[in-house]
Structure formats: structure tokens, C-alpha cells
Amino acid sequence: MIVRCPHCKNVIRLREVDGQSRVIKYLCSKCQEIVRIDLVQDEIKSSSSPDSFAKTEHRRKILVADDTVTVRKIAAHLLTSAGYDVLEAEDGRQALELVQNEHPDLILLDLLMPKMTGFDVLREIKKIDRVKETPILVMSGVFKKDVLDFLQAAGVAGFLDKEQIKDSLLFRVQQILEA
């Protein structure tokens, strides 16, 4: 697989890729930086290279960001049972760090978390070129019209009532990832 260093744009030929991790750490020989290469975003498409990472069989990675352990565990159990890899964050700062480092395929984001609210996480994600297109499914028990209007304007993929998580989470996740 041929990729570009996200820092210096040096062309790198990766000999072995495990087919599971979308983001890998690599020491770039040109800029001498340890970089996180996103095998989807940083791949150089060429007719001589084998199938790209995006076309390989791999498990999708979903970040569940919620300060409530019960909600995280229910969501993680449902998603893992459906064949997804799950990352968990208990606060907004941890969620943002995982988004930047792991590039999940979808983010399940609570709005009211400590250290950094879901609103703040959403704003920060939209500023970062490498992850700003990641679909975000917001979950909350808050149903104020102005909040829903803000979320729609911010480009979230959907809204999920926490009370309905057991009944609708998998449907909503599949709907977003297949779009």
C-alpha cells in the first residue's frame, strides 16, 4: 500500500498492513516525525497497488462518548455484538483525543459531559480537516428546539434519545454507515 505522510507529504510504501487498524503509527524517514497515517485518507490510489484499505474486509470502529458508565456499557455491548469495534470515552477531552488519534468511522456523542461538553467536542471536530467529515450521532435526553436546530446546522448525522438506545441504536448506526 502506498500512502503519504500527513506532515511532509513524503510517499511511503507500507509493506504490511494488518487490515484491522485504520490508523497506524509510522516514523517518517523524511520529516523524522512519528505520524499517524490514516489508511483511507492518506492512501495514494494507483492501478498497481492491491486493494485499498477501504475495500478490504475490516470491522468499523465506533467511538461511544458519554460520562454515564451504564449508557457506555449498553452501547458498547450492542455495537460489539453487531460486529463493530468500540472505543469508549468518559469525558469530552478524552473523546476529542480518541477522535484525533483513532479516526473512528462514527462518533456516538453525548451533549453533556465533564471537562468538555459534546457541543465543544462537535465544534472542535468540525475544525480538524482530517476528521471533520466523520459522522456524528448525538445522544441526549434534551429535546429543545434550539438545540436540535444547532445540531442540524452543525451537520450531525442524527439525534438519538438516550431512553431509546436499546431499541434504535443499531438501526441508526447502520443507517448512517451505509449512507
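L109 makes a good way into this predicted model. Leaving aside residues up to four places away in sequence, L109 touches A65, G118, V121, L122, I136, L137, V138 and M139. Two of these partners, I136 and V138, turn up again, along with L109 itself, among the residues that touch the most other members of the largest nonpolar core. That core has 24 residues, and L63, I107, I125 and L151 also belong to its best-connected set. Quite a few elements chip in with two or more residues each: strand 5 (61–65), strand 6 (85–89), helix 2 (92–102), strand 7 (106–110), helix 3 (118–127), strand 8 (136–140) and helix 4 (145–153). There is also a second, separate core, this one of 17 residues, with L79, Y84, L106 and L177 among them. As a general backdrop, nonpolar side chains in soluble globular proteins tend to be buried together.

Stepping back to the whole chain, the secondary structure adds up to 5 helices and 9 strands. Reading along the sequence gives the pattern β-β-β-β-β-α-β-α-β-α-β-α-β-α. In other words, a run of strands opens the chain, and helices and strands then take turns up to a final helix.

As for overall dimensions, the C-alpha trace spans about 50 × 30 × 25 Å along its principal axes. The radius of gyration is 17 Å, which agrees with the value near 16 Å that a compact globule of 179 residues would have. Buried residues account for 45% of those 179 residues. Contacts often reach a long way along the sequence: of those between residues at least 6 apart, 57% join residues at least 24 apart. On the outside, the chain exposes about 9,900 Å², and carbon and sulfur atoms supply 48% of that area. The chain carries 27 positive and 28 negative charges, and the mean positions of the two sets are 5 Å apart.

A few single residues help to fill in the picture. T134 sits in the loop between helix 3 and strand 8. Despite that loop position, T134 counts as buried, because its relative accessible area is 10%, under the 20% cut-off. Its contacts, again without residues up to four places away in sequence, are P104, D105, L106, I107 and K126. Two of these have already come up: I107 belongs to the largest core, while L106 belongs to the second one. T134 also has its C-alpha atom 9.2 Å from that of V156, with the two positions 22 residues apart along the chain.

Q174, by contrast, lies in a helix, namely helix 5 (residues 165–178). With a relative accessible area of 32%, Q174 is partly exposed. The C-alpha atoms of Q174 and A82 are separated by 9.9 Å, although the two residues are 92 apart along the chain.

Two loop residues have a positive phi without being glycine. For Q32, phi is near 60°, and the residue belongs to the loop between strand 3 (23–27) and strand 4 (34–38). For H103, phi is about 50°, and the residue is found in the loop between helix 2 and strand 7. Their surroundings are another matter: Q32 counts as exposed at 54% relative accessibility, whereas H103 is buried, with a relative accessible area of 5%.

Key
Residues numbered from 1 in each chain as written. Predicted model: local features only at pLDDT ≥ 70, side-chain atom pairs only at ≥ 80, totals over all residues. Heavy atoms only, no water. Core = buried A, V, L, I, M, F, W, Y, C linked by side-chain atoms within 4.5 Å. Buried < 20%, exposed > 50% of the residue type's maximum accessible area, 1.4 Å probe, protein only. Helix = DSSP H or I, 4+ residues; strand = E, 2+ residues; numbered from the N terminus. Contact = heavy atoms within 4.5 Å. Rg over C-alpha atoms; globule rule 2.2 N^0.38 Å. Areas by Shrake-Rupley, 256 points an atom, 1.4 Å probe, with all protein chains shown as cover. Lys, Arg positive; Asp, Glu negative; His and termini not counted. Charge placed at Lys NZ, Arg CZ, Asp CG, Glu CD.
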